[in-house]
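Biologist: Hey, I'm new to this one. Can you bring it up and walk me through it?

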Amino acid sequence: MINYEKKATREAYGEALAELGDKYDFVVLDADLAAATKTGVFKKKFPDRFFNCGIAEGNMMSVAAGIAATGKAVFASSFAMFAAGRAFEQIRNSIGYPHLPVKIGATHAGITVGEDGATHQCLEDIAIMRTIPGMTIINPADAIEARAAVEAVINYNEPVYMRFGRFATPVFNVNADYKFEIGKGVNLAEGKDVTIVATGLMVSMALEAREILASEGIDARVINIHTIKPIDRDIIIDAAKKTGAIVTAEEHNIIGGLGSAVAEVVGEACPVPVLRVGTNDCFGRSGTVPALLEAYGLTPAALVAKAKEAVSLKK
Amino acid sequence: MKLSRINELKDIARNIRLGALEGVYNAKSGHPGGSLSIADILAYLYFEEMNVDPKNPKWEDRDRFVLSKGHTAPALYAALAEKGFFDKSQLKTLRKVDSFLQGHPDMKNTPGVDMSTGSLGMGISAACGMALSAKVDGKNYRVYTIVGDGESEEGQVWEASMFASHYKLDNLCVIIDFNGLQIDGPVTEVMNPTPFDKKLEAFGYNVITIDGHDFEQIEAAFEAAKACKGKPTAIISKSVKGKGVSFMENNVSWHGSAPNAEQFEQAKAELNA
């Protein structure tokens, strides 16, 4: 595996807002976490278009809905826990039901919050947001994808939940022809024995796992699903048909997230074994990020073991 | 205000009450009590105060109205129909499966509805967002929202109030419909949200208390709201739940139940008297 530069997707989020603020007309809201969500980078450059809502996430989401109702583009930012969790009903009723194109920038998603522990490690947000009709969910795999996603959603006339991480992860989308398209899965590597369908920081781990599997004679395909809803059914069905076994990988509970979304597609269209890697219906805890990833089985080695199991289940 | 204009507004308010009851009667469900308590305020807003165009309901420079106490949609629909946003014959389709008149306001499908509401506490926040957007874009439109007295038990109402005064939203006017009753009983017994005046003042509003059924007081309050700069205005509208129908007035059992045919006839007769 190439030793890529590392950067957190939340950093890319804040920088993208600041960079794109020159080109597009939008406002940014935060709930007293601008330094952490990195919307503070935007605030510094565009103080007149940044509005701190204080520690009141529910109000912020409904305020964002009101702004969007006047036709203005708006980003609303907090930690995933307090956006998808605390403000769920405001997102559901003020944004989702009237289908207002608010862009929710949720940072500090998943176990990689680290030392702050379980109350701040949101492992449910994809599941919660997936149940809201018409909600688009984007979980970028690296900083380059995060920047591209931010630009793609600014004038996208739908509500969007964007999920960013706190921890610096490999920036691997370095090819000059990299292109981001909402709703399109990305085929990162071909393979014939099994497919690893990954999202977020698990994507680069899937590529590492593929190299290990190759050394053991297993040829794994790797797909990056940055848009979890609407999910790219075609690429998943193609992978199920061609490789006959799927492993999903996400920094999220295995209930309700990417694994569930993929299993729904495969179960309905082309039943093959689908094994899920993620947190196993449990809360997180404090620890360094590497220690937590190891403890919760979010590693290339865990993906390798699951891929072998999936291959053994093939008929 | 001229006496002739007051009488015209009273006629409009009566039609709003009749239209609201027609909807609730035909739906066999809905919220008549709080619809009747806001009818006079709605008549004034749509026929005297707000700059709206029924032929162009999405006109971008229009004044906005958010019914934060969304369950009193029957009165809003009757006001919109009276103004000409859609035909009055639609009112009897309230809450029917193919109707665009949902049990609670739906901005996607009902002409003239500026925000979907119903889950309490959220409408006032959305109104803050609209008022902020006007400030950012240098637009002159104003935003009005009616919040229920029971609704003010929701913490979000006070989060929004902090926001409104922090950002000096003097283009926002919050009307508290203080009819004193919520589903489970008198507001002071269920979870006392009073005193409204001191709380709203402490949260930074220009506070005005009026009789919500007196058009001269209503007019004076909205004029004072427009004249006030640098802070949002809160109008505490003291009202009577079920106003205009003797057996519904101040009777909590009419919060969320529909009249039968006989009661509907009596209500119409009283309103038309």
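Modeller: Sure, one term before we start: two residues are in contact if their C-beta atoms, placed from the backbone, lie within 7 Å. Also, this is a predicted model, where local features need pLDDT of at least 70, side-chain atom pairs count only at pLDDT 80 or more, and totals for chains, interfaces and linings use all residues. Residues are numbered from 1 along each chain as its sequence is written, while chains are lettered from A and ligands numbered from 1 in the order in which they are written.

Biologist: Okay, how many residues does the contact take from chain A and from chain B?

Modeller: Chain A puts in 25 residues and chain B 23. On the chain A side, α4 and α6 each supply at least two residues.

Biologist: Which one gives the most?

Modeller: That's α4(A), with nine residues. Helices here are DSSP runs of H or I with at least four residues, strands are runs of E with at least two, and both are numbered from the N terminus.

Biologist: And α6 of chain A, is that mostly covered or not?

Modeller: Mostly covered: the helix spans residues 88-96, and seven of its nine residues are buried. Buried means 20 or more other C-beta atoms within 10 Å of the residue's own; 12 or fewer is exposed, in between is partly exposed, and the C-beta atoms are placed from the backbone. Among the buried ones are F88(A), I91(A) and I95(A).

Biologist: What covers them?

Modeller: The cover includes α4 (57-69), α5 (80-86), β5 (103-107) and α7 (125-130) of chain A, together with α5 (122-137) of chain B.

Biologist: Switching topic: how many helices and strands are there in chain A?

Modeller: 13 helices and 14 strands. Chain A is as compact as a globular protein of its length, because its radius of gyration is 19 Å, close to the 20 Å that the globule rule gives for 315 residues. That radius is taken over C-alpha atoms, and the rule is 2.2 Å times the number of residues to the power 0.38.

Biologist: What share of chain A counts as buried?

Modeller: 61% of the 315 residues.

Biologist: Which domains is chain A divided into?

Modeller: Domain 1 (6-170) and domain 2 (186-310), with bounds from an automatic or database domain assignment. Their contact takes 28 residues from domain 1 of chain A and 31 from domain 2 of chain A.

Biologist: How far apart do the domain centres lie?

Modeller: The C-alpha centres of the two domains of chain A lie 25 Å apart.
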